[in-house]
Structure formats: structure tokens, C-alpha cells
Amino acid sequence: PHPLNRSRRWPLAADSSSPRMASSLGPPEDILLYYSGASELDPPRPYKMSRMTYQDAGNGVFLITLNDPKRLNCMSLNLAQEMTLIIEHVRRDDRCNVVVWTGSGRAFCAGGNFSDPSSTVPEEVYEGYVQAGKAMALPDISLAGATRAMIKLPKISIAAVNGITVGGGVNLAFVWQDFAYVGEDVTFRYPFGELGLTPELGSSVLLSKIVGLPRAKQLMQLGTEFTAQRAYELGLCTEVVPMSEVLPKALAAAQKLSSSPQLAMRESKRMINKDIVESIDRITEDEYFTIRKAIASPETQKAMAALMKKTSKGKSKL
């Protein structure tokens with residue numbers, strides 16, 4: 001049995017009269033750390049996340065919730081580092097067949113936050129993941145390390161997109177996932193063009209593979225806002241559902257996938273994603289260095305300074 005297994009279960013926060021809500025969630029669990037400094041930890045060490053939660057939804061399904069609702073679950077340094085840790089935890093957690101991602105509060109993920117350099121992840125732990133090839137050296141503005149880990153993850157991953165989704169959050173919802181269930185009222189936007197930023201989280205190549213080159217440029221460079229229905233028409237998501245049904249739908253799909261033979265499920269994913277997996281290191285290396293160059297440019301610094309002034313409370317628009 002997994003060392004962090006829990007027996008108590010919590011009901012899902014939704015209409016309990018719905019038959020879809022018959023499933024329940026375990027309490028938030030600590031994840032396990034596997035690296036520190038130059039060493040692999042044996043045994044691994046528990047870690048309580050401060051910006052995310054990890055819960056057992058039963059039958060091999062686990063729920064990851066971005067949990068910084070006051071800042072719209074923005075991609076702060078802390079949350080980005082915890083993403084690296086939790087992806088490795090999911091990969092190694094033998095209880096987990098399928099993982100579902102969602103956001104707490106009214107947002108899924110409002111994109112990058114460049115104003116908060118604090119993190120509860122110990123420096124030696126993150127450095128251990130870098131040395132083990134599981135993360136990229138800071139500053140990893142494009143989340144190259146986490147993107148590589150997600151694209152190479154053999155297990156099925158699903159997004160339950162429940163609210164505000166901007167910039168890198170759009171990539172988390174669509175580019176990183178095998179399936180995405182989106183609330184009908186959710187809108188999406190990439191503000192990279194006006195801010196002088198370049199693609200990240202694998203989107204420089206993977207977005208165009210999904211929607212085609214002209215549409216990828218329209219979304220990324222013009223920053224055109226688009227609806228959930230448009231996301232479906234572009235092939236970005238699996239299904240658009242009523243807002244109250246987003247998480248239940250995603251968990252129901254996860255339960256179905258988890259109940260299927262896992263060897264075939266993972267081999268199918270491997271074959272379908274073969275070209276992407278083989279190229280993701282090159283893609284993310286380009287993104288890793290290019291966004292650094294962009295941020296150092298005077299035009300981008302001016303645009304980012306205006307954003308920082310506008311969002312002085314730490315909320316993100318990336």
C-alpha cells in the first residue's frame with residue numbers, strides 16, 4: 001500500500017442530489033519528495049503543498065486542485081515548483097491511473113505571476129529535481145521542466161476547466177492534457193503579444209498541432225479572446241458542459257478510463273503522442289531560452305511594468 005493512503009472520504013462540493021455526485025474525495029494528502037541536493041531520497045520524504053492539493057477520488061483516480069483562489073490560481077514560483085513535484089509524485093504513485101486537474105474558487109488558472117518570488121519548496125529539493133533531470137534550472141519562466149514531465153507522463157491526464165483561464169493557464173488546460181472538460185461560461189485568452197512574451201508550456205509547437213498554424217497565430221499573437229464553444233470547435237477540448245457539471249464530468253470520464261486495462265491505455269497514449277514526446281525536449285529548450293530573451297528586452301519590460309502597476313495585488317493576467 002502507498003505510504004500516504006487515507007481511508008476517510010469527503011463528499012464532492014456540488015449538488016449532492018445529482019447521481020454524478022455519488023463519488024467522494026479523500027482528504028488532501030501530502031505528496032512525496034524523491035530528490036534533494038545530489039541525492040535521491042530513500043525513503044522519500046512527505047511534503048505538504050501550499051498552493052495545490054492532491055486527493056483520492058477512488059478507483060485509481062486522483063484530483064489535483066490549484067489552490068490559490070485569492071490570486072486566481074496564478075502560476076507563481078511556488079505553484080510552478082509544486083507542479084514539478086506533483087507530476088513526479090503522480091508518475092510514481094502506483095494507486096493513480098488517471099489524474100484530473102481543476103482550480104479552486106472562480107478560476108482554473110490565471111497564468112503567470114512574476115511579482116512573487118517566494119516559495120515553500122526548499123531550495124535543495126528543487127535543486128535535487130534539477131540534478132535528477134526532472135526540472136530545469138531557475139528561472140524556468142516557460143515551465144520547461146514541468147512541461148517535459150507532463151508530456152512524457154504515461155498516465156492519462158484530464159482538465160476540469162471551471163473558471164477564469166488566461167495565458168499559461170490555457171496551455172495547462174489544453175496543451176498539457178489528454179482530455180479537457182470545460183464549463184460553458186469560461187472564456188480564454190493569450191495576452192502574450194501585447195506583453196511582449198513568447199509561447200511557453202510547449203505551446204510554441206503543440207498549439208498549432210491542435211488548431212493549425214493560422215489559428216495558433218491568431219490566438220497567440222493577436223490575443224483574441226475565445227469562448228468555451230469556440231475552444232470545442234477548434235478541437236482544444238473534449239466537451240463543453242454546464243458549469244456545475246465540469247468536475248463531475250471529468251471525474252466520470254477519469255473513472256471510466258481508470259477502469260480500462262491500463263497497459264493498453266498507456267501504450268495507446270505513447271503511440272499517439274510519439275512524435276510529441278520525441279520532440280518535447282527540443283521544443284521546451286527553445287521556449288526556455290527565448291522567453292528569457294524576450295523578458296530582457298526594453299519593450300517587454302515596459303509592458304510588464306505597466307502590468308505590475310495595474311495588478312499590484314498580485315493577481316495575474318498572463
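This passage walks through the confidence, sheets, helix packing and backbone oddities of a predicted model.

Confidence is a handy place to start. Averaged over the protein chain, the pLDDT comes to 91, and 90% of the residues score at least 70. Two stretches are a different story. Over residues 5-11 the pLDDT stays under 50, and the model gives this stretch 20 contacts beyond four places in sequence. For residues 13-22 the pLDDT is again below 50, and here the model has nine contacts beyond near neighbours in sequence.

Next come the sheets. Strands of a sheet pair through backbone hydrogen bonds, and they can do so either parallel or antiparallel. One open sheet in this model is built from six strands, lined up as β5-β6-β7-β9-β11-β14, and its pairing is mixed. At its edges sit β5 (52-58) and β14 (239-241), each of which pairs on one side only. Going from strand to neighbouring strand in this sheet, the turn is 20 degrees on average, direction ignored. Inside the sheet, β7 (residues 98-103) and β9 (residues 156-161) run parallel and are joined by four bridges. To find a spot along this pairing, look for Trp101, which stands opposite Ala159 in β9.

Another open sheet has four strands, in the order β8-β10-β12-β13, and its pairing is mixed too. Its edges are taken by β8 (107-109) and β13 (226-227); each has a single partner strand, so one side of each is left without a neighbour in the sheet. The partner of β8 is β10 (residues 164-166): the two run parallel, with two bridges between them. Cys109 has Thr165 in β10 as its bridge partner.

Now for the helices, beginning with α1. This helix lies across β5, β6 (61-66) and β7, and runs at about 30 degrees to β5. Helix α1 (residues 77-92) also meets helix α2 (residues 123-131): their axes come within 11 Å and cross at roughly 55 degrees. That angle is why α1 and α2 count as oblique to each other. Their crossing is left-handed. On the α1 side, the contact is made by Gln81, Thr84, Leu85 and Glu88, while α2 brings in Val125, Tyr126 and Tyr129. Sorted by class, the contact of α1 with α2 has four nonpolar, two polar and one charged residues.

A second helix pair is α3 (144-152) and α11 (residues 274-296). These two pack at an angle of about 170 degrees, and their axes are 9 Å apart. Angles over 145 degrees count as roughly antiparallel, and α3 and α11 are therefore roughly antiparallel to each other. From α3, the residues Ala144, Thr147, Arg148, Ile151 and Lys152 take part. They meet Ile276, Val277, Ile280, Asp281, Thr284, Glu285 and Tyr288 of α11. The class split for this contact of α3 with α11 is six nonpolar, two polar and four charged.

Helix α11 has a further partner in helix α12 (residues 298-310), with an angle of about 75 degrees and axes 5 Å apart. Here α11 and α12 are therefore roughly perpendicular to each other. Ala294, Ile295 and Ala296 in α11 touch Pro298, Thr300 and Gln301 in α12. By class, the residues in this contact of α11 with α12 come out as four nonpolar, two polar and no charged.

Last, a few backbone details are worth tracking down. Most residues other than glycine have a negative phi, and most peptide bonds are trans. Against that background, the bond from Asp42 to Pro43 is cis, with omega near 10 degrees. Pro43 can be found in strand β4 (residues 39-47). The peptide bond from Leu138 to Pro139 is cis as well, with omega near 0 degrees. Pro139 belongs to the loop between α2 and α3. As for phi, Asn59 is not a glycine, yet its phi is positive, at about 55 degrees. Asn59 is located in the loop between β5 and β6.

Terms used
Residues numbered from 1 in each chain as written. Predicted model: local features only at pLDDT ≥ 70, side-chain atom pairs only at ≥ 80, totals over all residues. Heavy atoms only, no water. Axes fitted to C-alpha atoms, helices over the stretch in contact; angles between N-to-C directions. Parallel < 35°, antiparallel > 145°, perpendicular 65-115°, else oblique. Left-handed = near helix turned anticlockwise from the far one by under 90°. Contact = heavy atoms within 4.5 Å. Nonpolar A, V, L, I, M, F, W, Y, C, P; charged D, E, K, R; others polar. Pairing = 2+ DSSP bridges. pLDDT = per-residue confidence, 0-100.
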